Amino acid sequence: MCPELDEKAYVPIDLSVDSRDLKTYHLHSSLTFSDFIKNHLESHQKKIAFGGYLEKRQLYSRSSHFSSQNPEYQRNIHLGVDLWCAEATPVLAAFDGEVHSFKNNTAFGDYGPTIILKHSVNGMTFFSLYGHLSLASIAPLKVGKKINAGDVIGYLGGPDINGDYPPHLHFQLIKDMQGNVGDYPGVCCEKELEFYKQNCPDPNLFLKLTH
């Protein structure tokens with residue numbers, strides 16, 4: 001997803017509720033969260049940390065955006081792959097397609113600026129979502145704009161605009177947008193997991209990043 005970097009630049013990261021590394025960090029602040037990401041990358045001498053598909057995470061408890069009065073609908077299972085790296089890193093389109101929609105999702109803990117592309121491959125239509133971008137990434141866009149695989153479609157935003165996270169890309173594949181525009185759930189609850197597993201397949205089937 002980032003230009004001029006091969007697989008050797010990537011390292012997996014565990015942000016799950018069972019992560020031993022997180023026991024000494026409190027991720028309620030983007031500052032301490034950023035320290036955790038920075039230390040992880042430096043200790044492994046890598047440029048990008050990746051992971052998170054279907055990962056159950058405690059970090060969403062900091063935001064009412066994911067909460068529900070019914071505990072069964074508390075959203076804490078991540079539906080995309082995150083790629084943690086430097087702010088302003090270019091983001092590349094994964095496939096040929098066109099701009100389906102875009103939006104600045106401004107709720108605390110949400111995506112911030114988001115781009116969704118529509119693709120048709122071998123008669124199958126699906127969508128890719130790119131979240132936590134910079135505001136400049138969505139400023140020039142128009143719905144229907146043609147995009148080629150490998151085109152730079154935006155840049156990673158900082159905590160002040162990306163939902164208050166360390167800079168990273170949320171990359172998600174979606175079969176059916178269900179009428180959503182500029183947004184689609186990137187985190188689900190346990191009760192709805194089976195549906196979202198079917199509608200949002202593992203992006204690493206395409207990325208092919210290995211542990």
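Hi everyone, let's start in the middle of this predicted model. Its largest nonpolar core has 27 residues, and the ones with the most contacts inside that core are Leu83, Leu117, Tyr130 and Leu169. Which strands feed it? At least two residues each come from E2 (48–51), E4 (81–84), E7 (112–121), E8 (124–131) and E11 (168–174). E11 gives the largest share, with 3 residues. There is also another core lying apart from this one, made of 16 residues, and Phe36, Ile37, Ala49 and Tyr165 are among them.

Now let's step back to the sheet. Eight strands, or 8 if you are taking notes, make an open sheet, and the order to follow on your screen is E1-E2-E4-E11-E8-E7-E6-E9, with mixed pairing. Why is one side of E1 and of E9 left without a neighbour in the sheet? Strand E1 (10–12) and strand E9 (146–147) stand at the edges and each has a single partner strand, so there is nothing in the sheet on the other side. Helix H1, residues 30–44, packs on this sheet and touches E1, E2 and E4. The direction of H1 makes about 115° with that of E1.

As a quick reminder, strands of a sheet pair through backbone hydrogen bonds, and they can do this parallel or antiparallel.

With that in mind, please find E8. This strand is mostly covered, with 6 of its 8 residues buried. On one side, E8 pairs with E7 in the antiparallel sense over 7 bridges. The two strands form a hairpin with 2 residues between them. If you click on Asn122 in that turn, you'll find a positive phi of about 55°. Val121 stands opposite Met124 of E8.

E8 also pairs with E11, again running antiparallel, and here 5 bridges join them. Two positions help you line up these strands: Phe127 is opposite Ile174 in E11, and Leu129 is opposite Gln172 in E11.

I'd like to finish on one residue, His119, which sits in strand E7. Is His119 buried or exposed? His119 is buried, with a relative accessible area of 1%. What lies by its side chain? The backbone oxygen of Asp96 is 2.8 Å from a polar side-chain atom of His119. Setting aside neighbours within four places in sequence, His119 is in contact with Phe95, Asp96 and Gly97, and also with Met124, Thr125, Phe126, Phe127 and Ser128.

That's my tour, so thanks for listening!

Key: Residues are numbered from 1 along each chain as its sequence is written. This is a predicted model: local features need pLDDT of at least 70, side-chain atom pairs count only at pLDDT 80 or more; totals for chains, interfaces and linings use all residues. Side-chain values use heavy atoms; hydrogens and water are left out. A nonpolar core is a set of buried Ala, Val, Leu, Ile, Met, Phe, Trp, Tyr and Cys residues joined through side-chain atoms within 4.5 Å. Buried means under 20% relative accessible area, exposed over 50%, partly exposed in between (1.4 Å probe, protein chains only). Helices (H or I, at least four residues) and strands (E, at least two) are DSSP runs, numbered from the N terminus. Two strands pair if DSSP finds at least two bridges between them. A polar contact is a pair of N or O atoms within 3.5 Å; within protein, one must be able to donate a hydrogen and the other to accept it, and residues adjacent in sequence count only if both atoms are side-chain atoms. Contact means heavy atoms within 4.5 Å. Axes are lines fitted to C-alpha atoms, for helices over the stretch in contact, and angles run from 0 to 180 degrees between N-to-C directions.
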